[in-house]
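Reader: I'd like a close look at one part of this model, the ligand and what sits around it. Walk me through the contacts, then work outwards from there.

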Amino acid sequence: MQPPLTPKNESDRLEALYATGLLDTPSELRFDRLTQLVQLCLGSDIVLVSLIDTARQWFKSKQGVAVCETHRDISFCGHAVLADDIFEVTDASLDLRFTDNPLVTDAPFIRFYAGAPLTVQGERIGTLCIIDAKPRQLNAKERQILRKFADAVEQEIIDRQQEHADVALNASRDQFESLVANIPGITYRCDADEHWTMRYMSSSIDPLSGYPASDFIANSVRSYSSVIHPDDTARLEKAVADAVLHRHGWILQYRVIHKDGRVIWVEERGKAGYDSNNNVRYLDGFILDISEEKNLKHQLITLTSQLPGAVYQYQQWPDGRGAFPYASAAIRSIYGLTPAQVKDDASVVFSKICSEDLPALAHSIERSRQQLTVWQCEYRVRRDDGAIAWILGKANPERMLDGSTLWHGYIQDITETKQHYLQLEQVNQQLHLAQQRLDTASENALIGFWQESLTHDEVWWSPIIYHILGFEQANTVPSVALLRSVVHPDDRQLVAESDNAALETGTQDVVHRIIRSDGSIRWVHELARVLTNADNEEQFLIGSVQDVTERMQLQQLKNEFISTVSHELRTPLTSIKGALSLLNSGTLGQLPDTITRLINVAYSNSERLSQLINDLLDIEKLAAGKMNFELQTVSLFAELEHTVMNLQPYAHQFTVQLRLEPIASAIQITVDTSRLQQILTNLVSNAIKFSAKDAVVTLNATPTTDSVRIDITDTGVGIAPEFHARVFERFAQADSSNNRQTGGTGLGLAICKELVEKMGGQIGFDSVYGEGSTFYIILPLNKQNNTSNQLSRVNNENIK
Ligand code: ADP
């Protein structure tokens, strides 16, 4: 047996065979119909369309046989594809090449074989063959028939191949169409003419322009340039022409006018295609709707321009390079640099930062970069004019694919806040110091402070109050009730009245005794004031409690001493004064002038001494509440006239005039007349003695609905502002050095104040230093009840 030879062009032949795509495919009617016809026409047992593969022959169509392939070595067709002509074996049993071929010796016991090669793309890929179990020889006609059928099979193979190619093409076109349709943009190819005549345009142009792609293709209804905003056309044409000329692509943003009139921003990326002669064949491009992006950008710019600080992105690469890919315009107000100046290089920004803050800033950036944690830092920037600004920055880091880090952040100028903060810190320190000083002072002076919220019934005490009241701080909850529980029973009424008065007048000023838990009795001075919190209208009572026991004891001692001394001095002084008066009267004989002068001096001094003692006794009486007032209703005018008459000689002595202004004689007042005279005498005599020569001292009275004000006005020396607060204090004199000339003890006004207040009135003064003073008293008009109330209270009062 002789196996078929392998053709020289075997690899090309196999390639052509594989290109048909026939191998191992199901049988097809187009081939079976032909093999059936061949079987009928040529009366053969077996008809095959056999394809010669590497090591086998495979039957695409077969009649009269069941197997679908045999080994190539035993194939007859393997021989048939070696030449163009029909390969015919008339009796295989006699042919040396096939006598021992298993297909000859065994079923199907081939005797006759005729195969016409099938040539596709110039290669013999197989055969159309007929086989019989009996020897046979084809005549010329039969050979022709076989060849014609082989040609028909070849044509079917080519047609089939074409059909498959078409199907594949259509499938890939469909795939392309659907791909393009899914791209969120428009692809196009157009001519490089003035209208950009479209050859292809994807259907997504429809939603963008409102017109279908078919409208634009070949400018069938309209040109693409007709939908471009007229203001953008010239710029676009120039940019595309430039790009085409320099053979590079273009990226352009322009506006398209939609059919419904909307203006849509698009971005187009394109490039030209050239032929071998460098002539432009077409323009290819891609158009994307960027309206939303544009809107967002616009919104971002509008929003960021409203912010007091700058929004930015800072990018830092592993080699240390930094840049601000985005920065809002406000970056200028912070660093004095525009977004464009910092876009590619951040070093200009760092050069503006105060050098002493740079290490901490760099450290914070590095830590945020390594740990990808939020960056936050306060640092200073030196402005171009030398001013220093405080900046606060905060940003979120993000690691980029190239290993760089991108921070999205916000920086703002906090100079003002920082300055306030620094000032606040300073004030806090001062406050802390002041508090410490106050604490020390209040400890030394035994003064405690407390605060009561009248709205929320909350009480706060400073620690010294526990000590003053004799409570253990640890076991005591501050309360007003607790404060009042220690009041001495004899002083409860006084404290209750002062509490009520505080609610009415807003201030409290009371000295009273307390009994501490150890039984000891102490004196305390309570001062309090109602305050209103402007923010929430909450009312507070803020007060102090001072332990004044020692002061009170001293005062009591002093009062007792003064009282004793005064009483002891009064009797001998009366007899001295009587004796001097007797000597002076001449009843005991005429004395020499020098002695008379000395006696006069002695007499006037004894008068002063007597006045002092009287004053001291008055003070003592008032303090002890032993001063009695005999009230009667009298004419005010008559009282004032009486004072003026009494003091006329004194005024004469100082060559000062007294003037009583006209007063309605009907004004009646209810007073103790001798006390009123004592008050008026003191005020008018002060006015006289502090007046210059020939000056006038005026007395005037002005009634109101329920009171009358009496003014005593002089144009004398006036009272220095620094002395104003002490005018009514005991023994207070503005200039004690001149009391020899002016006389006086410094007790007069203190006594006047007590007397006026005890009669339900008020005393005060207005004075301009160097120009004169007006002392006034305000007395209630016929308010007997009021006055007697006051008096009864006065009599109960303790030492003041
Ligand atoms: P004295 O007995 O010293 O006058 P007063 O208590 O009456 O005591 O007055 C106290 C002090 O007030 C006086 O020493 C004087 O400094 C001042 N003073 C009182 N009245 C007048 C006045 N009309 N003009 C100027 N200073 C006055």
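Author: Start with Leu749: one of its backbone N or O atoms lies 2.8 Å from an oxygen atom of the ligand. That's a polar contact, meaning a pair of N or O atoms within 3.5 Å; inside the protein, one atom must be able to donate a hydrogen and the other to accept it, and residues adjacent in sequence count only if both atoms are side-chain atoms. Asn686 reaches in with its side chain, where a polar atom is 2.8 Å from a ligand oxygen. Gly748 uses a polar backbone atom, at 3.3 Å from an oxygen of the ligand. Taken alone, the ligand has 530 Å² of accessible area, and the protein covers 96% of that (Shrake-Rupley method, 1.4 Å probe; for residues, only the protein chains shown count as cover).

Before going on, keep in mind that this is a predicted model: local features need pLDDT of at least 70, side-chain atom pairs count only at pLDDT 80 or more, and totals for chains, interfaces and linings use all residues. Residues are numbered from 1 along each chain as its sequence is written, and side-chain values use heavy atoms, with hydrogens and water left out.

Now the shell. There are 21 residues around the ligand, and Asn686, Asp714, Gln733, Ala734 and Leu749 come nearest (a residue is near if one of its heavy atoms lies within 4 Å). By class, the shell has 10 nonpolar, 9 polar and 2 charged residues. Here Ala, Val, Leu, Ile, Met, Phe, Trp, Tyr, Cys and Pro count as nonpolar, Asp, Glu, Lys and Arg as charged, and the others, Gly among them, as polar. Helix 21 (673–689), helix 23 (748–758) and strand 28 (772–780) each give at least two shell residues, and the largest share, 4 residues, comes from helix 21. Helices (H or I, at least four residues) and strands (E, at least two) are DSSP runs, numbered from the N terminus.

Strand 28 leads us to the sheet. This is an open sheet of 5 strands in the order 23-25-26-28-27, with mixed pairing; two strands pair if DSSP finds at least two bridges between them. Strand 23 (657–660) and strand 27 (762–768) are at the edges with a single partner strand each, so one side of each has no neighbour in the sheet. From one strand to the next, the twist averages 15 degrees. On the strand 23 side, 4 bridges link strand 23 in the parallel sense to strand 25 (residues 696–703), and Gln657 has Val696 of strand 25 as its bridge partner. Helix 20 (residues 636–653) packs on this sheet, touching strand 23, strand 25 and strand 26 (707–714), and its direction makes about 175 degrees with that of strand 23. For that, contact means heavy atoms within 4.5 Å, while axes are lines fitted to C-alpha atoms (for helices, over the stretch in contact), with angles from 0 to 180 degrees between N-to-C directions.

For contrast, look at another sheet in the model. There, 6 strands form an open sheet in the order 3-2-1-6-5-4, with antiparallel pairing. Its edge strands are strand 3 (69–71) and strand 4 (87–89), each pairing on one side only, and the twist averages 25 degrees from one strand to the next. Helix 5 (residues 140–182) lies across strand 1, strand 2 (56–63), strand 4, strand 5 and strand 6, at about 35 degrees to strand 5.
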